[in-house]
Amino acid sequence: MARTLSRFPSMPQAPGRLLMDCCSVFDHQSPGGLCGCCWALRPRYKRLVDNIFPEDPEEGLVKANMEKLTFFALSAPEKLDRIAAYLSERLTRELNRHRYGYVCIALEALEQLLLACHCQSINLLVESFLSTLRLLLEADRPHLHMLATNSFVKFANIEEDTPSYHRSYDFFVSRFSQMCHSEHEDLETRNRIRVSGIRGLQGVVRKTVEDELQVNIWEPRHMEQIIPALLLNLQQDEDSSSGSPAEQTEVCFRELLSRAAYGHINNAIRPVLMHLDSHTLWEGHGFAVRCFQIIMFSIQSQHSHLVIQQLLGHLDANSKSPASVRAGIVQVLSEAAVIEATGSVGPTVLEVFNTLLRQLRQSVHYQQSGCYDNASERKLQDAVVHTIGSFANTLPVYQRSEVMLFIIGKIPVPGIYPDLGSAGSEGSRMIQVMLLKSLLQVSERYENSNLLTALPSSFLEPLLSFTLMEDPEVRLLILSILTSLVDRQHNAERLKASVTLEASVLELKNEGSSRQDVLFIRKHAQRLYRHVYLTCKDDSSGRSHYLALFTLLAVLSLELPNEEVLVDLIRLALALQELASSNQDRSLSVLNRCGILALSSALLNLLSHLSQSPSLRQHITEVVECRQKEAPHLLPEHALCDKPSLPVGDLQLKEEFLFDQSKISEALTGSSYSSHCDRLNTPYTPQITDEDRLSKRKSVGDVVSLQMDFYTLGCPRTSQRAHTEQITFETLKKTIEDRGVEEEEHRRLLLVEKFKTAPFEEIAAHCGSRASLLQSKLDRVFELIVRTPPSPSNQASRSTPLHEMKFPDLCVY
């Protein structure tokens, strides 16, 4: 104003005041009055703005005048707010008059000013620009919505030098999300509106996600608008061409997730789960899988375990939903776990498997109780088993070992682990099968360097104990698990494909064994052979069991090709032949006997090729040829096929149909197996006890028995008493716990009930009495074990010097 008055220095006071009032009116843009009459007296910025509009709007922006306006704005940045306000006023006036050509010109001028001006005063220009875009987005013209969206995207790509503390984009998030749900009657127009809305959301994300001073776009109130809008267009992907809503949505969705930090993942995933729930998208069509594939590939790999946790929590929350919904969530988990292999699972590995196993048990309970459709529950169980395997394959080797131990610890054992409520023993059996299938999924891709770490005692012992169960399916799964863990050279697939007598045709891989493998087989071989023998002896074993047993023993011989293992396997094969040929207890059917004989022949044929002994191979070949001529039902290609050919009536076995132990021993004499021929001549007999009697070390009971025998030799008169009080392992066991299995189970149930209902004083008294009873029994055991040698009745013998005493011959070395 001072500069305006300085033009008229000689003007009197009253006219000067009048001129000041007129200039004030012009500057404040008051309508009417002198503004409409004296265009030359208007401010320069207004005249520059007016000059950019042509007489005909189709001619477009006057570029020369626009350059003048831009130069003026750069020269006088303090005028930016007035320029923007006047442009906004012109745009609003033309919008109200439906002169949309001038509206486009005004918006283009605002865009050029935004692109040209990067000073601190740009915030003043931005506020007018955003208010103008709000007016266009609130109009009822789709082309204006798209025009405003394009301008906003250009603004979002501008990198501002100065922060803004008061700018808000809530309206734009809401409006762009609404555009994504457009249901315009014209398909082309609808797609264009939706694409504009998606691009607008993409612009909001770009503008706000990098600036901490802007509105937090990751808040739930924003994500609950953005994510459903994107998923709606991602779901309707009939047109997957370039520029379609689905294609543009995927680009925006990936960009949004790629910018998500650690604390934003949950807010971004929760609306996805809600959208899939509300639109029932877990079932079929694969949209949920595709959606989470995009998520897992887009987020940072170190954050992927958060998505897995969200899915697990959602699976627990839907534990009472239909099986198809739970199966859909499990399928998504499986696909996400495969993608997550490159990332980090985090410290909740066992929690993941615990959740999956809990869902498996719950599904079995629903199936037994009839709450849901059995077919859907079976699909869910298969999906859970597959997911466990997929997830375990993403873990390092040491964690897979822990997972296998964890799973086998969850398998219900009769008499130890309680049954599944009302489902009873059948429910427990189904859980056993499902958990063993899960364990098989983990073990199939378990890569181990040595058998000692792959099959530790804590895992092998409970695994072998399941081979003695009555359920044939359980035994078959155990054999498959053992084979997958032993088979490191992947020979099992070739053996399963063709159980042929020509081992050279199979092209089996045979590499050396390590020191750890030798230690493993020396420690666990006899226990393993014992369970193989007992599995063959079970009359419920069938063709699949004998095939699995042959595969296991063949893989074991290929993984450990040393003389000791081969001799033990030959002894086992001959023992199986004796079992099938004698059939003393008449419990084995003709099918079982033919299967066992076919198993032994296939195993001996393979061992003859591995032994490199021509004499042994000749004997095996002679027996096989004899069987082919007169008894083909004793060979694996006939006895172990899908439709075995069995003899009518009882099985007749001639001497030439059987392998001769003496001939086999003679064939191995003079070779590298000569040192083991003595063991070969000793028939294999499975022991009732475990490793104690099979190892070279003596058990505690054997040591005590030896001590008692020593006392007996030195004191003939006390021999009868020593024999009656001989202490063995069974004696110790009966002394400590002298009850039957049924009594023990009944006592355990009564004890549990008593601890639930009895008062504390009674429980304390009972525990005290039990402790004293146990102590008295232990004292009795120790008295029997630690006994001083009986002294002779002759008093003179006590004074005999130690060096003159006569000891039994067995004690003299």
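Glutamate 377 and arginine 326 are both buried in this predicted model. Their side chains form a salt bridge, with N and O 2.8 Å apart. Glutamate 377 sits in helix H19 (residues 374–392) and arginine 326 in helix H17 (residues 323–339), so the bridge ties together parts that are 51 residues apart in sequence. In total, the model holds 22 salt bridges.

**Helix H6 and its charges**

One network of salt bridges with shared partners joins Asp50, Arg90, Glu94 and Arg99. Two of these residues, Arg90 and Glu94, are among the buried residues of H6.

Helix H6 covers residues 80–96. Its 17 residues should span 24 Å at 1.5 Å a residue, and the end C-alpha atoms are indeed 24 Å apart, so the two values agree. The buried residues of H6 are Leu80, Ile83, Ala84, Tyr86, Leu87, Ser88, Arg90, Leu91, Glu94 and Leu95. After H6 comes histidine 98, with a positive phi near 60°.

Which residue forms a salt bridge with arginine 90 at 3.6 Å? The partner is glutamate 94, and 3.6 Å is the separation of the closest N and O atoms. The two are four residues apart in helix H6, so about one helical turn separates them. Glutamate 94 has a relative accessible area of 3% and is therefore buried. Arginine 90, at 11% relative accessibility, also counts as buried.

Arginine 90 has an aromatic contact as well. It lies over the face of phenylalanine 53, 4.1 Å from the ring centre.

A second salt bridge in H6 joins glutamate 89 and arginine 93, with the closest N and O atoms 3.6 Å apart. These residues are also four apart in the helix, about one turn. Are they buried or partly exposed? Glutamate 89 is partly exposed at 32% relative accessibility. Arginine 93 is partly exposed too, at 26%.

The three salt bridges described here compare as follows.

| Acidic residue | Basic residue | Closest N to O |
|---|---|---|
| Glutamate 377 | Arginine 326 | 2.8 Å |
| Glutamate 94 | Arginine 90 | 3.6 Å |
| Glutamate 89 | Arginine 93 | 3.6 Å |

**Aromatic pairs**

The whole structure contains twelve aromatic pairs. The rings of phenylalanine 152 and tyrosine 169 have centres 6.1 Å apart and planes at 75°. That angle is over 60°, so the pair is edge-to-face. Phenylalanine 152 lies in helix H9 (residues 142–156), and tyrosine 169 in the loop between H9 and helix H10 (170–180). The pair links distant parts of the chain, 17 residues apart. Phenylalanine 152 has a relative accessible area of 0% and is buried. Tyrosine 169 is buried at 1%.

How are the rings of phenylalanine 172 and phenylalanine 176 arranged? They form a tilted pair, 6.1 Å centre to centre with 35° between the planes. Both residues lie in helix H10, four apart, so about one helical turn separates them. Phenylalanine 172 is buried, with a relative accessible area of 0%. Phenylalanine 176 is buried as well, also at 0%.

These residues belong to a cluster. Ring pairs link Phe129, Phe152, Phe155, Tyr169, Phe171, Phe172 and Phe176. One member, phenylalanine 155, also has a charge over its ring: the charged end of lysine 207 sits 4.4 Å from the ring centre.

**Valine 413**

Where is valine 413 found? It is in the loop between helix H20 (397–410) and helix H21 (424–444). Its relative accessible area is 27%, so it is partly exposed. Leaving aside neighbours within four places in sequence, valine 413 contacts Gln432 and Phe466. Glutamine 432 is 19 residues away along the chain, and the two C-alpha atoms are separated by 8.4 Å.

**Confidence**

The protein averages a pLDDT of 77, and 75% of the residues score at least 70. Over residues 16–37 the pLDDT is below 50, and this stretch has 25 contacts in the model beyond near neighbours in sequence. Over residues 788–799 the pLDDT is also below 50, with eight such contacts. Where pLDDT is low, the predicted coordinates should not be read in detail.

Key. Residues numbered from 1 in each chain as written. Predicted model: local features only at pLDDT ≥ 70, side-chain atom pairs only at ≥ 80, totals over all residues. Heavy atoms only, no water. pLDDT = per-residue confidence, 0-100. Contact = heavy atoms within 4.5 Å. Phe/Tyr/Trp six-rings, centres within 6.5 Å; stacked < 30°, edge-to-face > 60°. Buried < 20%, exposed > 50% of the residue type's maximum accessible area, 1.4 Å probe, protein only. Lys NZ or Arg CZ within 6 Å of the ring centre and 35° of its normal. Expected span 1.5 Å × (residues − 1). Salt bridge = Lys/Arg side-chain N within 4 Å of Asp/Glu carboxyl O.
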